[in-house]
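Visitor: I have just opened this one and do not know my way around yet. Could we go through it together, a bit at a time?

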Amino acid sequence: MINIDFFKWNEVDDRDLLFAVIVSRFQNKWILAKHKDRDTWEIPGGHREKGEAIDITAERELQEETGAKEFKLVPICIYSVTKEDKDTTKHPVSTFGGLYFAQVTELGDLPNLEIEEIRLFDKLPSQLTYPEIQPQLLDKVIKYISH
């Protein structure tokens, strides 16, 4: 079982943020990426590099995974993913990441890295890489940008 929790930016130590996920829109459609090693779709994002500010991680990952050239990046919140282990003697471990929204106004060529293709969607497809996580992240961003 996986639990997702949301936090304000000042509620979690920046050093604990391991990754950034960027819910992205272009021409009123959601941008999703397909990794070369998977047959599923995912919201762009990735791991923070050593010494990198989390906002820079978000910008870098958005560009690497979508080819975005022009965009406005908005920090939404921090979220944690906690996997409950079937072995009840083990304490669940949480990992933390930054959740962002990007309004993309120009897409360029997709860099020749780990993403095979991007596609624009009206809603999340059923074939998601992280089906227990990604819908909750999208919902959080939609609520934020709707206000």
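Visitor: Let me start with one residue: is Asp122 buried or exposed?

Guide: Please keep in mind throughout that this is a predicted model. In this model Asp122 counts as exposed, with a relative accessibility of 56%.

Visitor: And which residue does Asp122 form a salt bridge with?

Guide: The partner is Lys29, and the closest N and O atoms of the two are 2.6 Å apart. Lys29 belongs to strand E3 (residues 29–35), while Asp122 sits in the loop between strand E7 (115–121) and helix H2 (134–145), so this pair ties together parts that are 93 residues apart in sequence. Lys29 itself is partly exposed, its relative accessible area being 29%.

Visitor: How many salt bridges does the structure hold?

Guide: There are eleven salt bridges in the structure. One of them joins the side chains of Arg48 and Asp14, at 2.8 Å from N to O. Because Arg48 is in the loop between strand E4 (45–47) and helix H1 (54–66), and Asp14 is in the loop between strand E1 (2–7) and strand E2 (17–26), that pair ties together parts 34 residues apart in sequence. Asp14 is partly exposed, with a relative accessible area of 38%.

Visitor: Which residues are linked in a network of salt bridges?

Guide: The network links Glu49, Glu52, Arg60, Glu61 and Glu64. Within that group, Arg60 forms a salt bridge with Glu61, and their closest N and O atoms are 2.9 Å apart.

Visitor: Those two, Arg60 and Glu61, are they buried or exposed?

Guide: Both Arg60 and Glu61 are buried.

Visitor: Staying with helix H1, what about Glu65, buried or exposed?

Guide: Glu65, which is found in helix H1, is buried, since its relative accessible area is 3% and buried means under 20%. Not counting residues up to four places away in sequence, Glu65 touches Ala33, Pro44, Gly45, Leu110, Glu114, Ile115 and Ile118. As for distances, the C-alpha atoms of Glu65 and His47 are separated by 12 Å, and these two residues are 18 residues apart along the chain.

Visitor: And Glu59, what is it in contact with?

Guide: Once its neighbours within four places in sequence are left aside, Glu59 is in contact with Phe71 and Leu73. Glu59 is also found in helix H1, and it is partly exposed, with a relative accessible area of 34%. Its C-alpha atom is separated by 18 Å from that of Lys34, a residue 25 residues apart from Glu59 along the chain.

Visitor: New topic, pockets. What volume does the largest pocket have?

Guide: The largest pocket has a volume of about 550 Å³. It is lined by 25 residues, of which Phe19, Val21, His47, Tyr79 and Tyr130 are the closest to its centre. By class, that lining is made up of 13 nonpolar, six polar and six charged residues.

Visitor: Which element gives the largest share of that lining?

Guide: The largest share comes from E2, which supplies four residues. E2, E4, strand E5 (68–83) and H2 each supply at least two residues of the lining.

Visitor: You mentioned Tyr79 and E5. What stands opposite Tyr79?

Guide: Phe6 stands opposite Tyr79 in E5. The strands E1 and E5 run antiparallel and are joined by six bridges. E5 is also joined to strand E6 (residues 93–107), again in an antiparallel arrangement, with 14 bridges between them. In that second pairing, Pro75 stands opposite Tyr100 in E6.

Visitor: Last thing: how many cavities of 30 Å³ or more are there?

Guide: The structure holds one cavity of 30 Å³ or more, and about 30 Å³ of space lies in the largest cavity. The residues that line the largest cavity are Val23, Ser24, Trp30, Ile31, Leu32, Ile43, Leu124 and Leu138. E2 and E3 are the elements that give two or more residues to this lining, and the largest share, three residues, comes from E3.

Visitor: And what is the lining of the largest cavity like by class?

Guide: By class, the lining of the largest cavity has seven nonpolar residues, one polar residue and no charged residues.

Methods. Residues numbered from 1 in each chain as written. Predicted model: local features only at pLDDT ≥ 70, side-chain atom pairs only at ≥ 80, totals over all residues. Heavy atoms only, no water. Salt bridge = Lys/Arg side-chain N within 4 Å of Asp/Glu carboxyl O. Buried < 20%, exposed > 50% of the residue type's maximum accessible area, 1.4 Å probe, protein only. 1 Å grid on protein atoms, 1.4 Å probe; cavity = no way out; pocket = protein on both sides within 12 Å on 5 of 7 lines; lining within 4 Å. Points joined across faces, edges and corners; volume = space filled by probe spheres on them. Nonpolar A, V, L, I, M, F, W, Y, C, P; charged D, E, K, R; others polar. Pairing = 2+ DSSP bridges. Contact = heavy atoms within 4.5 Å.
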